[in-house]
Amino acid sequence: MIRVVVVDDHEIVRKGIVAYLQTESDIEVVGEAASGNDGADLILQTKPDVVLMDLMMENGSGIEATAKVMRELPACKIIILTSYYDDKQVFPAIEAGAFSYILKTSSASEIADAVKKAGAGENVIEPKVAGKMMTSFRTEQRKAHDELTERELEVLLCIGDGLTNQEIGDKLYIGIKTVKTHVSNILSKLDVHDRTQAAVYVHKNDIVKQED
């Protein structure tokens, strides 16, 4: 039996979800709440297996409630059930520890199925949300130095070795003005303020010269 708590400030929505879940033989609704704070308290008290959590609520948001529950009850599977799938809602909810993320446009049977899957340790992510997550992941995988040209990368490695502009110019056979231009571009692309920060960036990211 999967023990469930439903947290949503829209009474009609909450009651409807509870009523449908109660028709499922393998689901037991052990409580419901109309706010994030009340929901978090109820969850910590009843210790359900799965929670259906709305996001936008008064007296404590779903994100705040999720974070609180995860700190105290990490085994609980929280399913975000919301109308929102913009970045400002999705990523904070996932970071707070949400297990699944589905939209209120889902059918009652889809919501019940998500609950059953959560109970079995299988998460469900709304396709639109999954797309945003993948896009964000790919973006994060790209490092700032990936935007550097081959020459700029060579200059950056020299900075990492502690070389002066003159020494860099001598090593790469380029003029001092050209070196200064490359350094300026590097600082801008890496979003660092000075050569020292650029050198730290080199070592922090284990940047090495690419062999031909």
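Aspartate 26 counts as partly exposed in this predicted model, at 30% relative accessibility. The side chain of aspartate 26 meets the side chain of lysine 116 in a salt bridge, 3.8 Å from N to O. Lysine 116 belongs to helix H5 (residues 108-119) while aspartate 26 sits in the loop between helix H1 (11-21) and strand E2 (27-33), so this pair ties together parts that are 90 residues apart in sequence. Lysine 116 is partly exposed too, with a relative accessible area of 28%. Let's use this pair as a way into the rest of the protein.

**The protein as a whole**

- The protein has 212 residues, and buried residues make up 42% of them.
- Its chain forms ten helices and five strands.
- Take the contacts between residues at least 6 apart in sequence: 64% of them join residues at least 24 apart.
- How many salt bridges does the structure hold? There are ten, and the pair of lysine 116 and aspartate 26 is one of them.

**Aspartate 54 and its surroundings**

- You can find aspartate 54 in the loop between E3 and H3.
- Is aspartate 54 buried or exposed? Its relative accessible area is 4%, and a residue under 20% is called buried, so aspartate 54 is buried.
- The side chain of aspartate 54 meets the side chain of lysine 104 in a salt bridge, with 3.4 Å from N to O.
- This pair links distant parts of the chain, 50 residues apart, because lysine 104 is in the loop between E5 and H5 and aspartate 54 is in the loop between E3 and H3.
- Lysine 104 counts as partly exposed, at 26% relative accessibility, whereas its partner aspartate 54 counts as buried.
- A network of salt bridges links Asp8, Asp54 and Lys104.
- Which residues is aspartate 54 in contact with, leaving aside its neighbours within four places in sequence? Among them are Val7, Asp8, Asp9 and His10, along with Gly62, Leu81, Thr82 and Lys104.

**Strand E4 and its partners**

- Strand E4 covers residues 77-82, and five of its six residues are buried, so E4 is largely enclosed by the rest of the structure.
- E4 pairs with strand E3 (residues 50-53) in the parallel sense, over four bridges.
- Within this pairing, valine 51 stands opposite isoleucine 78 in E4.
- To get from E3 to E4, the chain crosses through helix H3 (residues 62-72), and this β-α-β crossover is right-handed.
- E4 also pairs with strand E5 (residues 100-103), again in the parallel sense and over four bridges.
- Which residue in E5 is the bridge partner of leucine 81? The partner is isoleucine 102.
- As background for looking at these strands, side chains in a regular strand alternate between the two faces of the sheet.

**A salt bridge between two helices**

- Lysine 189 and glutamate 152 meet through their side chains in a salt bridge of 2.9 Å, N to O.
- Lysine 189 is part of helix H9 (residues 176-190) and glutamate 152 is part of helix H7 (residues 150-160), so the pair ties together parts that are 37 residues apart in sequence.
- Lysine 189 is partly exposed, with a relative accessible area of 35%.
- Glutamate 152, in contrast, is buried, with a relative accessible area of 4%.

**Helix H10, side by side**

- Which residues of helix H10 (residues 195-204) are buried? They are Ala198, Ala199, Tyr201 and Val202.
- These buried residues cover an arc of only 155 degrees around the axis, so they lie on the same side of H10.
- Turn to the other side of H10 and you meet Thr196, His203 and Lys204, which are exposed.
- H7 and H9 are included in what covers the buried residues of H10.
- Aspartate 194 caps the N-terminal end of H10, with a side-chain oxygen 3.1 Å from the backbone nitrogen of threonine 196.
- After H10 comes aspartate 206, whose phi is positive, near 50 degrees.

Definitions and conventions
Residues are numbered from 1 along each chain as its sequence is written. This is a predicted model: local features need pLDDT of at least 70, side-chain atom pairs count only at pLDDT 80 or more; totals for chains, interfaces and linings use all residues. Side-chain values use heavy atoms; hydrogens and water are left out. Buried means under 20% relative accessible area, exposed over 50%, partly exposed in between (1.4 Å probe, protein chains only). Two strands pair if DSSP finds at least two bridges between them. A crossover is right-handed if, with the strands pointing away from the viewer, the path from the first strand over the helix to the second runs clockwise. A salt bridge is a side-chain nitrogen of Lys or Arg within 4 Å of a carboxyl oxygen of Asp or Glu. The arc is that of the directions from the helix axis to the C-beta atoms. Contact means heavy atoms within 4.5 Å. A polar contact is a pair of N or O atoms within 3.5 Å; within protein, one must be able to donate a hydrogen and the other to accept it, and residues adjacent in sequence count only if both atoms are side-chain atoms.
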